[in-house]
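Me: Please take a close look at the aromatic pairs in this chain and at the parts of the fold that surround them. I would like one connected account rather than a list.

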Amino acid sequence: LRTEHHDLETQLRLLGEIDENGCDGLILVPSDERALNAEIDRLVAAGVRVVCINSDAPGSRRHTFIGQDFHRGGRVAAEVLGKLIGGGGPVGTMAGSLRPPGADRVEASVFAVGGYPEIFAHRRRLEGFLDEFREFFPGIRTITGPPCYDEPELAYQAVANILDEDETVRGVFTSTGAGTLG
């Protein structure tokens, strides 16, 4: 069963319609790490094997998760970008405001673009990216932008806005692949 654009309401409805008598196993890409837990737990209690892939619902009773270490992936991306920039200046991320308070003149920055804040994979990649910059590239400012919800036009507009607004931006990071065509 497929849902478009991580549609939580549709996923909840479809999970609620699954009859445990006709389902032995379920592979799921959760659209929210918490909101699906009750339905996942109901299915597991009824004997359905539930496997989360690509994104996770770690607070549920799902049997296993198959996918990458998102936090580590964000850290690796930050390490590469930080080295390419030369270790100094600000960095930007999408998830909050375009410019942090008190951000005046900086030599370089990076802009980070996020997908859906409620999706475990998107949030953990962004957290890993920001953690790496705080720890190893304190001289580079990170600029966190608004979430783009996997919409290329939103990503394009956010990046265009920050490039018009801040001449110090030397790199862009995105925590999702689906909304970054812009």
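Reply: Read from the N terminus, the elements of the protein chain follow the order α-β-α-β-β-α-β-β-α-β-α-β, which amounts to 5 helices and 7 strands. The model is a predicted one, and every value below is computed from it. Of the 182 residues in the protein chain, 46% count as buried, and the accessible surface comes to about 9,300 Å², with 51% of that area belonging to carbon and sulfur atoms. Among contacts with a separation of 6 or more, 68% are between residues 24 or more positions apart.

Turning to the aromatic residues, a search of the whole structure finds 6 aromatic pairs. The rings of F70 and F120 have centres 6.0 Å apart and planes at 85°, and because an angle over 60 degrees counts as edge-to-face, the pair is placed in that class. F70 belongs to helix α3, which covers residues 70–85, while F120 belongs to helix α4, which covers residues 120–136, so this pair ties together parts that are 50 residues apart in sequence. Both F70 and F120 are buried. The rings of F133 and F137 give another geometry, for their centres are 5.3 Å apart and their planes stand at 50°, so this pair is tilted. F133 is buried, with a relative accessible area of 2%, and F137 also counts as buried, at 9% relative accessibility. These two residues belong to one aromatic cluster, which is formed by F129, F133, F137 and F173.

Helix α4 also holds a charged residue that deserves attention, namely E132. At 6% relative accessibility E132 counts as buried, and its side chain makes a polar contact with the side chain of R75 at 2.7 Å. When neighbours within four places in sequence are left aside, the residues in contact with E132 are R75, A78, E79 and F137; F137 is thus both a contact of E132 and a member of the aromatic cluster.

A further glutamate, E33, is found in the loop between β1 and α2, the latter covering residues 37–45. E33 counts as buried at 7% relative accessibility, and, with neighbours within four places in sequence again set aside, E33 is in contact with D56, A57, P58, E118, F120 and R123. The contact with F120 leads back to the edge-to-face pair, in which F120 is the partner of F70.

The strands can be taken next, beginning with β5, which runs over residues 109–114 and is mostly covered, since 6 of its 6 residues are buried by the criterion of under 20% relative accessible area. S109, F111 and V113 point one way from β5, whereas V110, A112 and G114 point the other way, and all of these residues are buried. Strand β5 pairs with strand β7, residues 169–174, in the parallel sense over 5 bridges, and within β7 the bridge partner of F111 is V172. The residue range of β7 includes position 173, and F173 is one of the members of the aromatic cluster described above.

An open sheet of 3 strands has the order β1-β2-β3, and its pairing is parallel. Strands β1 (25–28) and β3 (64–66) stand at the edges, each with a single partner strand, so one side of each is left without a neighbour in the sheet. From one strand to the next the twist averages 25°. Strand β2, residues 49–53, is joined to β3 by 3 bridges, and these two strands run parallel; along this pairing, C52 stands opposite F65 in β3.

Within strand β3 lies I66, a residue whose relative accessible area of 52% makes it exposed, because the exposed class takes in values over 50%. I66 and C52 are 14 residues apart in sequence, and the distance between them in space is 6.3 Å, C-alpha to C-alpha. Apart from its neighbours within four places in sequence, I66 is in contact with V51, C52, I53 and N54.

Methods. Residues numbered from 1 in each chain as written. Predicted model: local features only at pLDDT ≥ 70, side-chain atom pairs only at ≥ 80, totals over all residues. Heavy atoms only, no water. Phe/Tyr/Trp six-rings, centres within 6.5 Å; stacked < 30°, edge-to-face > 60°. Helix = DSSP H or I, 4+ residues; strand = E, 2+ residues; numbered from the N terminus. Buried < 20%, exposed > 50% of the residue type's maximum accessible area, 1.4 Å probe, protein only. Polar contact = N/O pair within 3.5 Å; in protein donor to acceptor, adjacent residues only side chain to side chain. Contact = heavy atoms within 4.5 Å. Pairing = 2+ DSSP bridges. Axes fitted to C-alpha atoms, helices over the stretch in contact; angles between N-to-C directions. Areas by Shrake-Rupley, 256 points an atom, 1.4 Å probe, with all protein chains shown as cover.
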